[in-house]
Every structure is written in C-alpha cells, then in structure tokens.
Amino acid sequence: MSILIQNGRLIDPVNATDKLADIRIQNGKIAEIAAAKSLNPGPDEELIDATGKWVSPGFIDLHAYLREPGEEYKEDLESGGKAALAGGFTTVVVMPNTHPVIDNAEHVQYILARSRALGLCEFLPAGALSVQRKGKNLAPLAEMQKAGAVCFTDADRAIANGQLMRNAMEYSTDFGMTLFSHAQDEALCSDGHMNEGAASTRLGLRGMPCVAEESIVARDAMLAEYTGAKLHFSHLSAAGSVARVAQAQQAGAAVTAEVGAHHLLLTEEDVDGFDTSAKLNPPLRTEDDRLALIDGIRTGVLCAISSNHAPHNSVEKDVTFASAEFGASGLQTVLPAAIKLVDEHDISPLVALGCLTSGPASILGLESGGLACESTANVTIIDPKENWEFTPERNLSKSTNSPFLGKTLKGRVLKTIAKGKVVFTV
Amino acid sequence: MDAATIYGILATAKGFKEISRRKIKKVPSLRGRTILNVFYENSTRTRVSFELAAKRLSADGVNISASGSAVAKGESLLDMAQTLNAMQADAVIIRHSSSGAPHYLADRISARVINAGDGLHEHPSQALLDIMTIWEKFDELDGLNVAIVGDIAHSRVARSNLIAMKTLGMNVRVAGPATLIPRELAAVYGCEVCDSVSQAVEGADVVMALRLQKERMNSGLLPSLREYSVEYGINAKLLKTTGDNAILMHPGPVNRGVELSADIVDGQRSVILDQVENGVAVRCALLYLILGGSQP
C-alpha cells in the first residue's frame, strides 16, 4: 500500500520544516520526502494532489471526553474516534472520568485494547490521579503507567487538597510522570455557570471568577517548582493564568500549559440567549482573556491546543442554562482555531500547527518523528483557505452540543492518514 | 424596549387602572383567549395580578403551579413546553427559578411567552409597574434621582428596573452589602454604586428597597439579619435626607424591620400599595397589547 502526496506545503513543527514537497508513504511509514513534483508515481500508488494545501503530521489531542465505558449514549470510542479523524487527530488522550473511572491498570488496558480493536486513531489513556477521582488517596500511578497510561489527572475535577497534589507531584518524580491539572477552586465557583463578569451580571447567572482558576494555577505551579514535578495545565481560560505559567517557566519549573480551541474562538458574549452549547468549564471569558491566550501561544508559554471534546445528550443540554451540564463537543472544529491564529493574529503556521503536533507530543514525551523518513505515517492534509459549514450531516459525534453547529468555519481537514492508511476523506 | 414603547405600555395601563376601579371590572377584549400561568416558584402578588388581569380582559386563565421539588433538573420544562403546545394556549406566563427559562419556552412553544420573573435575570412587568408608580408622582422621569438599596446581585427586580431607568434617563444610585453588588454593575447598567446607603439615599426622589432573603446568611454572604438592618436598612431618619416629595418603594413582600423599618412601610412616603394596584393595570396592558390590541 503506497501513497504519494504531491506538491503540498509540508509544515512539520517536529522537524521545523516548512517547504513544498512530495511525500511517499509505504508500509505504514514515511518512505521518501523530496522536492515538490519530483517523485514519479509508482504503479498502483494512490496519488493525492496536495497543491495549495498544507501537509502536517497527524494532530494530537491532549484532552477529550469519549464517555466509554459507561456513558455510551453520548459518545463512545468508535464515534469519538471517527470524529477525531475528521478533525485531523491521529492520537487522542482520553480522560478517565468514565464509569467506571480509569484508576487502575485493568481499565487502562481496556482503553488500549479498544484502541487496537477499532483501528481508528490511537487512544492514549489518561489515568485518574486519585482513587475514583475522589481527591483523597493516590491512585496506583506506577501500575497505570506500566499498563500504558500517558499522564494523570482527575479530569474535570480539581484537586482541592494541596497536600494530595503535593504528594502526587513528589511521587511522580521517581517515574518521570506528567500530571495534568484542572486548575479550579471549586468553592469559588460554587453554583457558578459562566464567567463572572458583565455578561453574567446581565444574564442573571452566577459566575465563576478568573481568580478561581488563577489561584490554583499559582498553587500548582509553585508546588511543581517546589517538588520538581512535570506539570501540565489543562484548558487554561484566564489571562492571569497565562501570566502565572510564564512566571513559573521563567523560574525553571517544568510547567507547560494548553488552551482549548473553544476559548480561542469564543467569549462570554457567546452565551447570550442562554445558549447551553456555550456553557463550558472553565467558562468562556472576556475578549481580553481570549487575546491573552492567543498571546500565550505566540510567546510559547502555551504550547498546545486541545479539543476539550465534551459530548452531551439533549437530556443534559436541552434544558435551562443553570441545569445544563458543562461542555461542548469539539474534535471536528479545532483546526479553524489554529487557522485563525495564522490569519488574524500574526502567528506562523509552524507555531499554530505546532500546538496540535510537536507541542502535545513533547508534553507527553511521545516519540513523534513528525514527517521524516522512517517515522510512522500519521499525516493530516489541510485546506487552510476553505470555508465550510459544520452541518449536522458532517457531525460524526453522537452528540450535537457544538456551538459551531450550523456555522461556517475557515480551515478544513481534507484527509487524515493514520499508520499509512487513509482513514478519513472529506 | 425603547422609551416610547415603555410610555405606550404605561398609557395603556392607565386606562386599565381606571377600568379596575369601576364596579364591573371587565372588558371583552380577550374573550375566548386561553392564558396559562405557569409558576415554578411561589408568588402571591405576581400570580394573582396576572390572574386578575386575564379575568378583567375576559380571557380564560388557568394556573399551573409546579413545585420546585417535583421539577428535577429542569427536564420537565421541556415536557411542560410540549404539553402547553398541545393545550393550544394563546399566552403562557412563566415564573421560574432558572434565568432564561422564558427564552427556553419561547423557542419551543407557539404561544406568546411572558416573563413573570426568571431566576436572577429579569422581571419586566415589575419594572413597568414600578415606573408607572413613579410616573404617577413625578411628571418628568428624565433626570430623576433613584436609590435602589439591598441585595442587587440576586434581584431580577433590580436588573429590570436598572434597564428601564437607564432607558428613561433616570439617575440611579445603588447601595448594599458589597457581597451583594455585582462588580460589573456600574459598567453594565450605567448606574452609580455608592459606599453607603446614606450616600445613595441623600437627595433621592425615589427610594426602592429590595427584599433580603434569609438564605444569604447561610451562603456566607452576610453575618446576620440584624447587621443588615442596622447597616443597610431604610428608616425614618434616612428618609428625612431624601428630596422633598420623595417616595418609598418595595416590590414586596416586605421583611418589616429588615430592609424597611416597620413605621415607614405604612408611612406617608410609601407607595407600596400603589405598586400592587398598578401591577394589575400593567399586566392587563401587557396581555392586551400582546394578545389583543396593537403590538407595543
């Protein structure tokens, strides 16, 4: 099985290349890279004309809720996997807040077994940090790491107890583990449904202030510096959080951070009309926060963009705002966020796509060869200029809670190749 | 809603106030129309006045009251919407503890939806009756000084009044415990946030006190009712610092001795009972304009 991608703009943040090139894929690996239009097609070779398109390493998502096991009515690894491939993702880190919780080796192995059996994108399990995500006792981190967990987090629950977080960090240093932090002071957010600010005042909805995130970012960053642990902040949303992460990085702490695609494109104003698909945790905040997050990418403080794909059924979302669950689906609408950074915010394609490829890979310590000979052929082909409507027919998730459903976005994934096979075509 | 619309509604309300003082308090304007009151929260004033309004307009009014505990997580609001559609209601008047519930219904039912108070968000008919009451006492609303005192953060009455008063050019000052005043209030509504109740009330033409709910103590927002009444309660002494013809308002029910001292509730300046009477008139006007007469 041989594929020749012709005349595309090869943008590989892993190897820092941005050039026009031909790429040949054989037997699941990148076999040859040469000057554009220079490779002659072989017999029976599948040809992909990538003129005017970008050719990127397959995207890596650090944060998706795929609801399996236990809530398959909303999503499962199969539907989630198909949505991921349509979004250009060949690797997805799945969150452990399932039923049962992924807090032991057997459950980690379940996810990996399903990943192999489905043969869609690669699913990497995040293990819970505390037993049953209760925030009291450490889960068997080493056992889960041996079974294949790539990072540890209680997913959408913050670690309220500073002592537990400290212990988790110290324990993790022996094993080179990466901890993901959902930084939030839940007491400060009690009964809050959106960002605390002008929009929440107007809409009469209780708010979740920025300081609820920033204060825990500060705590965890300081603990990371103190313990020497590798800490990654999931889905930051506030300007102050970016500043604190920058400070910690300058002090030499092994701290990284990401932003969710929704937070790069939307603000608290998008909640207007009580739209529950804009009800997120952390919440969409002000335009100033959004611009600070974009700036964080520009300066390299933030090195990843995640999907935060949180599918919910109409039972959870077709209700009044205060009653609705938090979360929006998002695997298929991440690329437009990266394209927007390039088009409107003066960020290079290498940096923007780096947030979907090299950044996440380095956070997880994954050996990603990028688009180099002999590396696994995970490739995403992009049309950076195409405007496309995210129609219900194109939505591959089981859930429809996307704030972009029915909207037109710029930047489209045309083909996704996983392990040398075309697994998605538009 | 612009100023012209507000004045239009109030002019209509004035006519209905007159009708409500006749011996036969009825006009046939909405005969044969079906109006459903769907109240998910307790209410005396609002529900009764909407009920009376429907009856005075000869409509068929029915009350549906869904107690809070029976409504788990709001999913029955969707069921309610589907039931209402099936009943061919012409108008649905909804009070609900969730901000945005009327909008939720309006997106799903064919009847006209009227907001009788949604969560912390708005209570438009209350603001209209409040403005009507003020307008009865003061000819010119533009430039009038108003003080709104109390738990603004949890008050849909305050929010609706702030919107209406800004539209009509009134100067609004707000005072209350800092834990109960949203940080963005001045920016969103163009009002002035005062450091103390006395500062807000001094020279005011209208003093509006808001009801304090006892839950606020349990949420750690306030130490005690006593401290609230001492620091933020309106009393006769404070009223003496207001403008010459100043009036005292409250949406009701009043916690006597907490937000208002007992003596002033029934005192000379109080127009609290006028507010109640005007409530029926305003709600008649709203039903008439939305269902029967011309669009506001």
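Student: What makes strand S5 (residues 145-149) and strand S8 (residues 206-209) of chain B a pair?

Tutor: This is a predicted model. In it, S5 and S8 of chain B share four bridges in the parallel sense. Two strands count as a pair if at least two bridges are found between them, so S5 and S8 of chain B, with four, qualify. One of the partnerships joins B:Val146 to B:Val206 in S8(B).

Student: Which sheet of chain B has S5 and S8 in it, and why is it called open?

Tutor: The order is S7-S6-S5-S8-S9, five strands with parallel pairing. Strand S7 (192-193) and strand S9 (247-249) of chain B stand at the edges; each has a single partner strand, so one side of each lacks a neighbour in the sheet.

Student: How do you know which way helix H6 of chain B runs against S5(B)?

Tutor: The angle between them is about 170°. Angles run from 0 to 180 degrees between N-to-C directions, so a value of about 170° means that H6 and S5 of chain B point in nearly opposite directions. Helix H6 covers residues 156-167 and lies across S5, strand S6 (171-175) and S8 of chain B.

Student: What is the order of the four strands in the other open sheet of chain B?

Tutor: The order is S2-S1-S3-S4, again with parallel pairing. Strand S2 (60-65) and strand S4 (112-118) of chain B are the edge strands, so each has one side without a neighbour in the sheet. From one strand to the next the twist averages 15°.

Student: What makes strand S3 (residues 91-96) of chain B a partner of S4(B)?

Tutor: Five bridges link S3 and S4 of chain B in the parallel sense. The rule asks for at least two, so these strands pair. Among the bridges, B:Ile94 has B:Asn115 in S4(B) as its partner. Helix H13 (residues 272-292) of chain B packs on this sheet, where it touches strand S1 (34-39), S3 and S4 of chain B. The direction of helix H13 makes about 155° with that of S4(B).

Student: Why is the meeting of B:Arg108 and A:Asp318 called a salt bridge?

Tutor: The side chains come to 2.4 Å, N to O. The limit is 4 Å, between a side-chain nitrogen of Lys or Arg and a carboxyl oxygen of Asp or Glu, so B:Arg108 and A:Asp318 meet the rule. Across the interface of chain B and chain A, one salt bridge is found.

Student: What else is found across the interface of chain B and chain A?

Tutor: Six residue pairs are in polar contact. On the side of chain B that touches chain A, the elements giving two or more residues are helix H3 (75-86), helix H4 (101-106) and helix H7 (185-189) of chain B. By class, that side of chain B has nine nonpolar, eight polar and seven charged residues.

Student: How many residues does each chain give to the contact?

Tutor: Chain B gives 24 residues and chain A gives 16. The area buried between the chains is about 1500 Å², with 58% of it from carbon and sulfur atoms.

Student: What is the peptide bond from A:Asn281 to A:Pro282, cis or trans?

Tutor: The bond is cis, with omega near 0°. A:Pro282 lies in the loop between helix H8 (261-265) and helix H9 (287-299) of chain A. Another cis peptide bond joins A:His99 and A:Pro100, with omega about 10°. A:Pro100 is in the loop between strand S7 (89-94) and helix H2 (105-118) of chain A.

Technical notes:
Residues are numbered from 1 along each chain as its sequence is written. Chains are lettered from A and ligands numbered from 1 in the order in which they are written. This is a predicted model: local features need pLDDT of at least 70, side-chain atom pairs count only at pLDDT 80 or more; totals for chains, interfaces and linings use all residues. Side-chain values use heavy atoms; hydrogens and water are left out. Contact means heavy atoms within 4.5 Å. Buried area is the accessible area (1.4 Å probe) that two parts lose on being put together, summed over both. A polar contact is a pair of N or O atoms within 3.5 Å; within protein, one must be able to donate a hydrogen and the other to accept it, and residues adjacent in sequence count only if both atoms are side-chain atoms. Ala, Val, Leu, Ile, Met, Phe, Trp, Tyr, Cys and Pro count as nonpolar, Asp, Glu, Lys and Arg as charged, and the others, Gly among them, as polar.
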